[in-house]
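Let's take a walk through this structure together, one region at a time. Keep the viewer open as you read, and pause wherever you like.

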Amino acid sequence: MLILSEKDREAFRERFKDATVDAMSFTRKYAWCDLGECHGTCCSGGVWTEPEELKIMQANDAYYREKLPTVGVKVFPDVPLLDTSESMDRFTGGTNKRPFDYSDKPNYPKDWDHTTCTFRRDDGACGLQLLAVAEGKPAWHYKPFYCYLFPIDIVENEGKLVIEITDSADDAFSAATMCGRTRENGKPGYEIFAREIAALSEILNRDIMAEIKAGIAANDRLLSAV
Ligand code: SF4
């Protein structure tokens, strides 16, 4: 879990308090991420951050600069983070990206740019996660919210926030990632992503798994009444 203060957590809770859960999106079937297969494809464009996260990451710049080489992040640009607070509402920035050649990665989409998040190691592993583990901290200690949640997302739909797993049948980005792609022989998303659901529940102070199960049960009742 990113190092958020209690005040930051309250801001997250307030921001997402009315977000509804698309329970049925969690019944689609998925498989666990396999870094050897995907090489961190989801990190190719960097990640958006919530305002509180951007501030923390900006304040940590010197620390990341000193420590990331110790976990194998060799290239760290002058501007690892982008601040777009002038032009965006909810997302005030994110991680920057740098050129990276995926030509030898057969699963990388042919029409995507060859770039990668500044925090990604060349083998696809997240430098922020590696740093946390090396320091004996929880794996997601430094990792941005939308990175550790992926492929769970909080999207805006007709002005309302929805917690969902985006359907890879409708979304090229999800379809290109190993964990965001639906699998005929996979397991339901609420099982595969139980850890991510628990992290989201903890940060929002809600039982998201219970909300998912209640939504699925309500849908079943609806179907059996037809
Ligand atoms: S912060 Fe880590 S997980 Fe997130 S996009 Fe960058 S390398 Fe990937």
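Where is the place of Phe193? In this predicted model, Phe193 sits in the loop that runs between H8 and H9. Although it belongs to a loop, Phe193 counts as buried, because 24 C-beta neighbours lie inside 10 Å and 20 are enough for that label. If you would like a sense of distance, pick Gly45 as well: 148 residues separate Phe193 and Gly45 along the chain, and their C-alpha atoms are 22 Å apart.

Phe193 is also a good way into the interior, since one of the residues that touches it is Ile152. Beyond its neighbours within four places in sequence, Ile152 is in contact with Ile163, Ile165, Phe193, Glu196 and Leu200. Two of these names return in the largest nonpolar core, a set of 40 residues in which Ile152 and Leu200 have the most contacts. Several elements feed this core with at least two residues each: helix H5 (127-134), helix H6 (145-149), S9, helix H8 (189-192), helix H9 (194-204) and helix H10 (208-225).

Now follow the backbone just before Ile152. Between H6 and S8 there is a loop, and Pro151 has its place there. The peptide bond that joins Phe150 and Pro151 is cis, with omega at about 10 degrees.

From that loop the chain enters a sheet. Three strands form an open sheet in the order S1-S9-S8, and their pairing is mixed. Strand S1 (20-21) and strand S8 (152-157) stand at the edges with a single partner strand each, so one side of each has no neighbour in the sheet. S8 and strand S9 (residues 160-165) run antiparallel to each other and pair over six bridges. You can check the register with two pairs: Val155 has Val162 in S9 as its bridge partner, and Asp153 stands opposite Glu164 in S9. The hairpin of S8 and S9 has two residues between the strands, and in this hairpin Glu158 takes a positive phi near 50 degrees.

Positive phi values turn up elsewhere too, and two loop residues make a nice contrast. His39 has phi near 55 degrees, a positive value in a residue other than glycine, and Asn205 likewise has phi near 55 degrees. His39 lies in the loop between helix H2 (35-38) and strand S3 (48-49), while Asn205 lies in the loop between H9 and H10. Are these two buried or exposed? His39 counts as buried because it has 24 C-beta neighbours inside 10 Å, whereas Asn205 counts as exposed because it has 11.

Another exposed loop residue is Asp101, found between strand S6 (97-99) and strand S7 (115-117). Asp101 is exposed because 11 other C-beta atoms lie within 10 Å, and the cut-off for that label is 12 or fewer. Its C-alpha atom is separated by 22 Å from that of Leu82, 19 residues away along the chain.

Next, turn to the ligand. Around it are 13 residues, of which Cys43, Cys117, Arg120, Cys126 and Cys147 come nearest. By type, the shell divides into eight nonpolar, three polar and two charged residues.

Helix H3 (residues 51-59) deserves a stop as well. Which of its residues are buried? They are Glu52, Glu53, Leu54 and Met57. The buried residues of H3 pack against helix H1 (6-16), S3, strand S4 (81-83), strand S5 (93-95) and H6.

Finally, zoom out to the whole chain. There are 10 helices and 10 strands in it, and the C-alpha trace spans about 60 × 45 × 35 Å along its principal axes. A compact globule of 226 residues would have a radius of gyration near 17 Å, and the chain agrees with this because its own value is 18 Å. Buried residues account for 34% of the 226 residues. Among contacts between residues at least 6 apart in sequence, 65% join residues at least 24 apart.

Definitions and conventions. Residues numbered from 1 in each chain as written. Predicted model: local features only at pLDDT ≥ 70, side-chain atom pairs only at ≥ 80, totals over all residues. Pairing = 2+ DSSP bridges. Helix = DSSP H or I, 4+ residues; strand = E, 2+ residues; numbered from the N terminus. Near = placed C-beta within 6 Å. Nonpolar A, V, L, I, M, F, W, Y, C, P; charged D, E, K, R; others polar. Core = buried A, V, L, I, M, F, W, Y, C linked by C-beta atoms within 7 Å. Contact = placed C-beta atoms within 7 Å. Rg over C-alpha atoms; globule rule 2.2 N^0.38 Å.
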